Amino acid sequence: MTLSRRAFLSGTAAAATLGLAGCSGLTPGRDTGGSLDYWNLFGGGDGVRMNQMLDGFRTANPGIDLSAVTLAWGNPYYTKLALATVGDKPPDVAISHLTRMKTLVGSDLLEELHPEDLARHGITADKFTERAWQAGLVEGRAYAIPIDTHPFVMFYNTDICAKAGLLDPSGTLRPLDSPEKFTDAMRRAKEASGGYGGVVSIDNDTSTSWRIFQSLYSQLGGETLADEGRRVVIDDAKAAQVLTFLQSLTRSGVFPAAIDYQGAIATFATGQAGFYFQGEWEISTFQTAKMPFSMTLFPNLYGGARYAVQADSHTLVIPRRPETDRARLDRSLLLVRSMLDQSRTWAEGGHVPTWKPFRDSPEYAAMTPQSNYAAAADGAVYDPDGWYSGSGSNFEIVTGSAIADVLGGRRSPAAAIAQMRDKLQTLSTTASPI
């Protein structure tokens, strides 16, 4: 790979902007007539389903030599994607979280997706859920195609909830639409399970702590950043209200105050908790465990008529190349359309489809528990814009670690808010390397 000094510095800046570390194992793209290179970051059940979808594409398009590479989730992935693009050896198509995509656009690393090119493949804005499509636009222009919304949701053990009297006659969980109802349900589930009412991972998991806080804080209308991350606008009163409530759950013992990601999964899977709070992608874990469970929307404790929940979207993007090649572009968009047409496979893994031809179909409505929380896509609250924000970013590390300290009883709500503000202020006043 031959880089000019300017290109190298641009790549370094882009990597720093994304909060990235490490750049070993860079895989160059191929530039042959019938080839297509695709990068993603999916492991576990998502990885299995993505491979099924790629096999579907290969079967339907035997003349295209598709090469798919799976890289480590988070910063290593975005490092490699940024540097490969600067080095003029990007993949043809790549996955990006919607909340990280805008930083890639700001670094001039993605191709704009023009309406006329998308239309050749039957991809038009009206065929996507409005919230995901609009959230992905940059100055009104499309640079990414959202394939899902993945919201924070509530899992519940149906046997424990039935024993606790929390289900209605049809077997559906009764609404937990206030802090009082929620707390009462957790107490009753604790008694029925003999362990905990609910469980959410705390230790060494800043992202989950952020997700549960952001869901409740957004229901109150709270915001964290403004002006593309240049101003910190935390509402102390609203943040303290949420943090005080969350701390009451661990202090009272209805939630464990010290538990990591795998420990939280094991506690719920073995019937030691009635509820589990996480992204919907863990559906496969509990299906494999063959336990009695269902899923529904994260409770609307504060929002009233306005529902809000933390979420992100996986999007398909086309990294920028130095030359324009319509044939290559059309091969790339052919893969994008194939992914959309296989939305059922992707939805089986828990993600809410954004492709309305499937999302609005009777077939999806019949998928349970997946369709139970489909409305979360309309109330999705994405991480705020900012060069240091997005899934797995410095923003989530800073906020999530402070929130985890509150849940773990190591810090007061006021001290956590002060810590968040101080560290975010430092990031907000640091000039973007772009």
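**Exercise 1. The cover of strand β3**

How many of the five residues of strand β3 (residues 93–97) are buried? Determine also how the buried residues are distributed over the faces of β3.

*Solution.* The model under study is predicted.
Step 1. A residue counts as buried when its relative accessible area is under 20%. By this criterion, five of the five residues of β3 are buried, and the strand is mostly covered.
Step 2. On one side of β3 lie V93, I95 and H97, and on the other lie A94 and S96. Every one of these residues is buried, so that both faces are covered.

**Exercise 2. The partners of β3**

Identify which strands are joined to β3, and in which direction each pair runs.

*Solution.*
Step 1. Strand β1 (residues 35–40) and β3 run parallel and are joined by two bridges. W39 has A94 as its bridge partner in β3.
Step 2. Strand β14 (residues 314–317) and β3 run antiparallel, with four bridges between them. For A94, the bridge partner in β14 is V317.
Step 3. A94 thus appears in both pairings: it is the partner of W39 and has V317 as a partner in β14.

**Exercise 3. Strand β1 and its second pairing**

Describe the cover of β1, and state which strand is joined to β1 by six bridges.

*Solution.*
Step 1. Six of the six residues of β1 are buried, and the strand is mostly covered.
Step 2. One face carries S35, D37 and W39, and the other carries L36, Y38 and N40. Both faces are covered, since the residues named are all buried.
Step 3. The six bridges join β1 to strand β2 (residues 65–70), and the two strands run parallel. The bridge partner of W39 in β2 is V69. W39 is therefore bridged to V69 in β2 as well as to A94 in β3.

**Exercise 4. Two residues outside the strands**

Is K102 buried, partly exposed or exposed? Where is G171 placed?

*Solution.*
Step 1. K102 belongs to helix α4 (residues 98–106). Its relative accessible area is 26%. The partly exposed class lies between the 20% and 50% limits, so K102 is partly exposed.
Step 2. Once neighbours within four places in sequence are set aside, K102 is in contact with A135, L137, V138 and D385.
Step 3. K102 and D236 are separated by 134 residues in sequence, and their C-alpha atoms by 28 Å in space.
Step 4. G171 is located in the loop between α7 (158–163) and α8 (179–193). With a relative accessible area of 37%, G171 is likewise partly exposed.
Step 5. From G171 to T158 there are 13 residues in sequence, and the C-alpha to C-alpha distance is 8.1 Å.

**Exercise 5. The chain as a whole**

Assess whether the radius of gyration agrees or disagrees with that of a compact globule, and characterise the chain by its dimensions, cover and contacts.

*Solution.*
Step 1. For 434 residues, a compact globule would have a radius of gyration near 22 Å; the chain has 22 Å, and the two therefore agree.
Step 2. The C-alpha trace spans about 65 × 50 × 35 Å along its principal axes. The chain comprises 18 helices and 16 strands.
Step 3. Of the 434 residues, 58% count as buried. The chain exposes about 17,000 Å², of which carbon and sulfur atoms supply 51%.
Step 4. Among contacts with a separation of 6 or more, 77% are between residues 24 or more positions apart.
Step 5. The chain has 39 positive and 46 negative charges, and the mean positions of the two sets are 2 Å apart.

Key:
Residues numbered from 1 in each chain as written. Predicted model: local features only at pLDDT ≥ 70, side-chain atom pairs only at ≥ 80, totals over all residues. Heavy atoms only, no water. Rg over C-alpha atoms; globule rule 2.2 N^0.38 Å. Buried < 20%, exposed > 50% of the residue type's maximum accessible area, 1.4 Å probe, protein only. Contact = heavy atoms within 4.5 Å. Areas by Shrake-Rupley, 256 points an atom, 1.4 Å probe, with all protein chains shown as cover. Lys, Arg positive; Asp, Glu negative; His and termini not counted. Charge placed at Lys NZ, Arg CZ, Asp CG, Glu CD. Pairing = 2+ DSSP bridges.
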